[in-house]
Amino acid sequence: MFRYKKLGYVALNVTDLSRSVPFYRDLVGLQLNEQVEGGPAFFACSADHHNVVLHQGGEPGLKRVGWEMEQPDELDRLFEHLQKVGLNPVALSPEECRALRQQRTIRIKEPFSGLTFEFYEGQLERGSTYTPTVTKIARLGHVVLNVDRWPEAVKFFKETLNFRISDNVDGFIAFMRCFPNPYHHSLGIGNAAATRKEPGLNHVNFMVTDMDDIGCALTRVKRHDVPIVFGPGRHPPSGSIFLYFLDPDGMTLEYSYGMEEFPEERPRKARVLEARPESLDYWGNVPDPRFASTGRFEPASEG
Ligand SMILES: CC(C)c1ccc(C(=O)O)c(O)c1O
Ligand SMILES: [Fe+2]
């Protein structure tokens, strides 16, 4: 089976780029690396060219999710596998890859969300890296999707895309790592029906370097009247300390500090946690109704 390096980037649709660009730069603390006049804004929180791309759209949502493979030949292995299972992978042209500042890239339509999932060898080097400002973001951590047909979707990610389950909250959410990346989860699959949410984006997570980054973020978002929708608290599944807040369109973002890491060989077995609030927060908070409720999946274009 093929091996991933990491969750590479998420592309979001926002309804007002001129409002969201300063928010993601100055409040979230991402570095704006490139913005083509009137076009998408490319942000990073690592040496990559982009970990978040904002597109102007008619409604807020998740446009695309990109995964970096461990080695170039993993992309070949993946391409062959996706062809074999009938997912019709499409390779982007060299011009398309260059425009995205990415090396060889392939795409599929992920059958449960309908989203474009992208897989690539790497991004083009920039020669300079990310300089933290308001928050020392360590990496883009994870993306969580709310889907229908949850058991089938989890099975698909496990069996077809070689993700490993780290933990489940029984019938509600599966936390999955992109093998052999060690972090507890880079992808979460939430059960839309069980959580009474529409299918769509649940949240995007950024892992931070220090506990102080969480405390300072709390002060900062309060000062700017940014809605806090869950936390601060500590998650039982991954052990991380968290804070969730809303972007200007109401999409949910999370900062988290500390996360269990799994060895490649002989990892612990996935647990099934009871479906109750205590499985989401040791500190006794419950999410605000606005948590994870905004962000439509942009359907992948056919062909
Ligand atoms: C409440 C959400 C879905 C959640 C629960 C647990 C973790 C974790 O263990 O890290 C998360 O990251 C979450 O976003
Ligand atoms: Fe999360």
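User: In this predicted model, how far is an oxygen atom of ligand 1 from an N or O atom in the side chain of His142?

Analyst: The model is predicted. The pair joins an oxygen atom of ligand 1 to a side-chain N or O atom of His142. A polar contact needs such atoms within 3.5 Å. The distance here is 3.2 Å.

User: What share of the accessible area of ligand 1 does the protein cover?

Analyst: Ligand 1 has 350 Å² of accessible area on its own. Of that area, the protein covers 97%.

User: How many residues of the shell around ligand 1 are charged?

Analyst: The shell around ligand 1 holds 14 residues, with His185, His203, His235, Ser238 and Tyr244 the closest. Seven shell residues are nonpolar and six are polar. The charged count is one.

User: What is the distance from ligand 1 to an N or O atom in the side chain of Ser238?

Analyst: His185 places a polar side-chain atom 3.1 Å from an oxygen atom of ligand 1. For Ser238, the partner is also an oxygen atom of ligand 1. That distance is 2.6 Å.

User: Which residues are the protein donors of the iron ion (ligand 2)?

Analyst: The donor atoms lie 2.0 to 2.2 Å from the iron ion. In sequence, the donor residues follow the spacing H-x60-H-x50-E. His203 sits in strand 13 and Glu254 in strand 16, 51 residues apart. The donors are His142 (NE2), His203 (NE2) and Glu254 (OE).

User: Why does Glu254 count as buried?

Analyst: Buried means under 20% relative accessible area. His203 counts as buried because its relative accessibility is 4%. Glu254 counts as buried because its relative accessibility is 1%.

Technical notes: Residues are numbered from 1 along each chain as its sequence is written. Chains are lettered from A and ligands numbered from 1 in the order in which they are written. This is a predicted model: local features need pLDDT of at least 70, side-chain atom pairs count only at pLDDT 80 or more; totals for chains, interfaces and linings use all residues. Side-chain values use heavy atoms; hydrogens and water are left out. A residue is near a molecule or strand if one of its heavy atoms lies within 4 Å of it. A polar contact is a pair of N or O atoms within 3.5 Å; within protein, one must be able to donate a hydrogen and the other to accept it, and residues adjacent in sequence count only if both atoms are side-chain atoms. Accessible areas come from the Shrake-Rupley method with a 1.4 Å probe; for residues, only the protein chains shown count as cover. Ala, Val, Leu, Ile, Met, Phe, Trp, Tyr, Cys and Pro count as nonpolar, Asp, Glu, Lys and Arg as charged, and the others, Gly among them, as polar. Donors are N, O and S atoms within 2.8 Å of the metal (3.2 Å for Na, K and Ca); water is not among the atoms, so sites may look incomplete. Helices (H or I, at least four residues) and strands (E, at least two) are DSSP runs, numbered from the N terminus. Buried means under 20% relative accessible area, exposed over 50%, partly exposed in between (1.4 Å probe, protein chains only).
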